[in-house]
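Please open the structure in a viewer and keep the sequence panel at hand. The tour below proceeds by selections, each followed by an account of what is found there.

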Amino acid sequence: MEQPALFDASPRWTVTTLTRHLRQLLEADDSLQGVWVEGEISNLSRPSSGHIYFTLKDSGASLRCVMWKGEAARLRFAPQDGMAIEAHGSLGIYEIGGQYQLYADALRPVGEGALYQEFLRLKALLEAEGLFDTARKRPVPELPHRIGIVTSPTGAALRDMLNTLLRRLPLAEVILAPTPVQGDEAPPAIVAALRTLNRVAAPDVILLARGGGSIEDLWAFNDERVVRAVTESAAPVITGVGHETDFTLADFAADLRAPTPTAAAEMATPVTVADLQSNLAEIGRMLVNGTMSIVQRQREMMTWLDGRLRLFSPTRRLQTEQQRLDELSRRVNAAQAHRLELAAARLKGLENRLTALSPLAVLARGYAVITKDKKVVASKSQVRGGDALHVRLRDGEFDARVTGDG
Amino acid sequence: MTKNEPKPIEQLTYEEAYAELENIVAALESGEQSLDDALSHFERGQLLTRRCAELLDKAELKVRKLAGEALESFEASE
């Protein structure tokens with residue numbers, strides 16, 4: 001073999017610059033960044049650093065992979081040697097080791113890929129139909145009387161939700177519509193539970209929930225029948241399916257999506273018993289204050305009226321009048337007494353004069369009073385012979401008759 | 001205002017009692033009430049407040065489950 005010339009124009013590299021160059025080539029190639037690579041796991045190790053190292057291989061080749069701690073913590077399953085998976089990530093070079101490798105950010109078991117394709121297809125279809133439109137979403141009531149729950153009667157999800165509801169709003173009534181939440185029988189059972197619950201119990205809000213699980217476990221909540229039943233529910237639906245990172249089509253169709261069953265129960269009870277208690281205390285204060293201010297206003301009104309009354313009070317005038325009256329009365333009394341004395345004196349004089357003029361006094365001196373037909377006879381012309389007369393003397397009286405003509 | 005024939009306090013639900021309480025407070029705050037009305041409203045309001053507090057204190061989540069078309073009791077431990 002011919003030796004290359006020692007002083008030709010071939011490019012010259014150091015190992016470092018060459019490796020860096022290769023790395024830049026890989027990283028600049030979009031077809032090697034953000035890709036899915038399918039293979040079987042081998043040589044898996046997970047040291048205390050938390051990072052995961054493994055090799056993906058198939059019948060023809062192998063690929064070194066690393067997954068950093070942060071991404072590894074979000075895995076929903078435990079990768080093991082021999083497991084067929086798809087790894088998502090970007091190709092790069094570990095310069096010190098001189099190794100190209102896949103920097104993986106997500107792993108999924110083989111098969112999930114196909115499910116995910118189906119998920120995307122159905123999502124696009126239902127989205128186009130408008131089932132996920134924000135305008136369709138109904139508000140959930142602030143203070144529900146009756147809360148419907150559609151979930152498995154035996155799952156931890158139900159226990160979590162009941163505990164949460166008991167703690168937050170024990171005033172509420174819960175109607176459970178038990179249903180299997182995974183497996184082939186789950187979708188029609190969930191649909192039936194939603195319909196029966198609405199028809200029989202007419203709840204104010206419905207929690208459709210399931211605890212965490214693999215994507216296959218949650219698949220019933222991606223079923224088209226379930227999605228449509230959610231949009232057709234008379235009561236608004238809050239979903240709480242799986243964990244925070246799980247999004248199902250039922251979540252998109254729901255009026256409200258909660259990351260977990262517990263969170264769904266929280267969203268269904270935006271007003272808690274503690275809120276109600278503090279509202280009650282507040283309205284109790286308003287009741288007292290409202291009443292107090294009316295009483296206070298009445299009191300002020302009375303004080304004001306009282307002041308005016310005093311200002312225009314007749315008391316003073318009454319007192320003045322009273323005094324005048326007393327004065328008058330005293331004067332009247334005095335005048336009256338004087339008048340009485342005068343009258344008494346006059347009476348005495350009259351009495352004396354009467355006594356002096358009394359015919360009885362004349363009779364006492366030997367005179368007589370003669371009357372004819374009850375009239376005093378004072379003249380001879382008043383009588384004729386035969387007339388009957390009446391004679392009154394000092395000590396008695398008698399009848400007499402005229403005997404001559406006079 | 002439910003002045004004639006108010007429902008007995010002990011039969012009111014929380015919502016009913018609270019709604020009446022709100023009406024009473026609104027009426028009081030309008031300030032257009034006679035002293036007599038205000039005081040009788042205050043007394044009823046006090047009773048309603050007590051009723052609400054009692055209902056909150058005693059509330060226990062009632063859970064039933066669908067069994068076919070019917071509702072039956074459900075024990076959470078079931």
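Of the contacts in chain A with a separation of 6 or more, what percentage is accounted for by residues 24 or more positions apart? In this predicted model, such residues account for 61% of those contacts.

**Chain A as a whole**

Begin by selecting chain A and displaying it as a cartoon. Its secondary structure comes to 11 helices and 14 strands. Chain A has 406 residues, of which 24% are buried.

**The side of chain A that touches chain B**

Next, display chain B alongside chain A. The contact between them involves 33 residues of chain A and 31 residues of chain B. On the chain A side, the elements that give two or more residues are helix H4 (156-168), strand E7 (173-178), helix H5 (186-201) and helix H9 (273-311). H9(A) gives the most, with 15 residues. Colouring this side of chain A by residue class will show 23 nonpolar, 7 polar and 3 charged residues.

**H9(A) against H1(B)**

Select H9(A) together with helix H1 of chain B, residues 14-30. The two helices pack with their axes 9 Å apart, at an angle of about 30°. Angles under 35 degrees count as roughly parallel, and H9(A) and H1(B) are therefore roughly parallel to each other. The crossing of H9(A) past H1(B) is left-handed.

Now show the side chains at this contact. H9(A) contributes A:Ile283, A:Met286, A:Leu287, A:Gly290, A:Thr291 and A:Ile294. From H1(B) come B:Leu21, B:Glu22, B:Ile24, B:Val25, B:Leu28 and B:Glu29. By class, the contact of H9(A) with H1(B) holds 8 nonpolar, 2 polar and 2 charged residues.

**A sheet with strands from both chains**

Move to E7(A) and select with it strand E1 of chain B, residues 62-67. These two strands run parallel and are joined by 4 bridges. Within this pair, A:Glu173 has B:Lys62 of E1(B) opposite.

Extend the selection to the whole sheet. In which order do its 7 strands follow one another? The order is E10(A)-E9(A)-E8(A)-E6(A)-E7(A)-E1(B)-E2(B), in an open sheet with mixed pairing. The edges are strand E10 (256-258) of chain A and strand E2 (70-73) of chain B, each of which pairs on one side only. On average, and with direction ignored, neighbouring strands of this sheet are turned by 25° against each other.

At the chain A edge, select E10(A) and strand E9 of chain A, residues 237-241. They pair in the parallel sense over 3 bridges. Here A:Ile238 has A:Leu256 of E10(A) as its bridge partner.

Then add H4(A) to the display. This helix lies across strand E6 (146-151), E7 and strand E8 (205-210) of chain A, together with E1 of chain B. Relative to E6(A), H4(A) runs at about 165°.

**Strands E1, E4 and E5 of chain A**

Return to chain A alone and select strand E1 (residues 35-45) with strand E4 (residues 84-94). The strands run antiparallel and are joined by 6 bridges. A:Glu38 stands opposite A:Glu86 of E4(A), a pairing of glutamates that can be centred in the view.

Add strand E5 of chain A, residues 99-109. E4(A) and E5(A) also run antiparallel, joined by 10 bridges. A:His88 has A:Ala106 of E5(A) opposite. The hairpin of E4(A) and E5(A) has 4 residues between the strands, and A:Gly98 takes a positive phi near 65° in this hairpin.

**The sheet of E11(A) to E14(A)**

For the last stop, select the open antiparallel sheet of 4 strands in chain A, ordered E12-E11-E13-E14. Its edge strands are E12 (375-376) and E14 (396-401), each pairing on one side only.

Strand E11 (residues 369-372) and strand E13 (residues 388-393) of chain A are paired in the antiparallel sense over 3 bridges. In this pair, the bridge partner of A:Ile370 is A:Val391 of E13(A). E11(A) also pairs with E12(A), again in the antiparallel sense, over 2 bridges. A:Thr371 stands opposite A:Val376 of E12(A).

Which residue takes a positive phi in the hairpin of E11(A) and E12(A)? Centre the view on A:Asp373, whose phi is near 55°, in a hairpin with 2 residues between the strands.

How values were computed:
Residues numbered from 1 in each chain as written. Chains lettered and ligands numbered in written order. Predicted model: local features only at pLDDT ≥ 70, side-chain atom pairs only at ≥ 80, totals over all residues. Contact = placed C-beta atoms within 7 Å. Nonpolar A, V, L, I, M, F, W, Y, C, P; charged D, E, K, R; others polar. Pairing = 2+ DSSP bridges. Axes fitted to C-alpha atoms, helices over the stretch in contact; angles between N-to-C directions. Buried ≥ 20, exposed ≤ 12 C-beta atoms within 10 Å, placed from the backbone. Parallel < 35°, antiparallel > 145°, perpendicular 65-115°, else oblique. Left-handed = near helix turned anticlockwise from the far one by under 90°.
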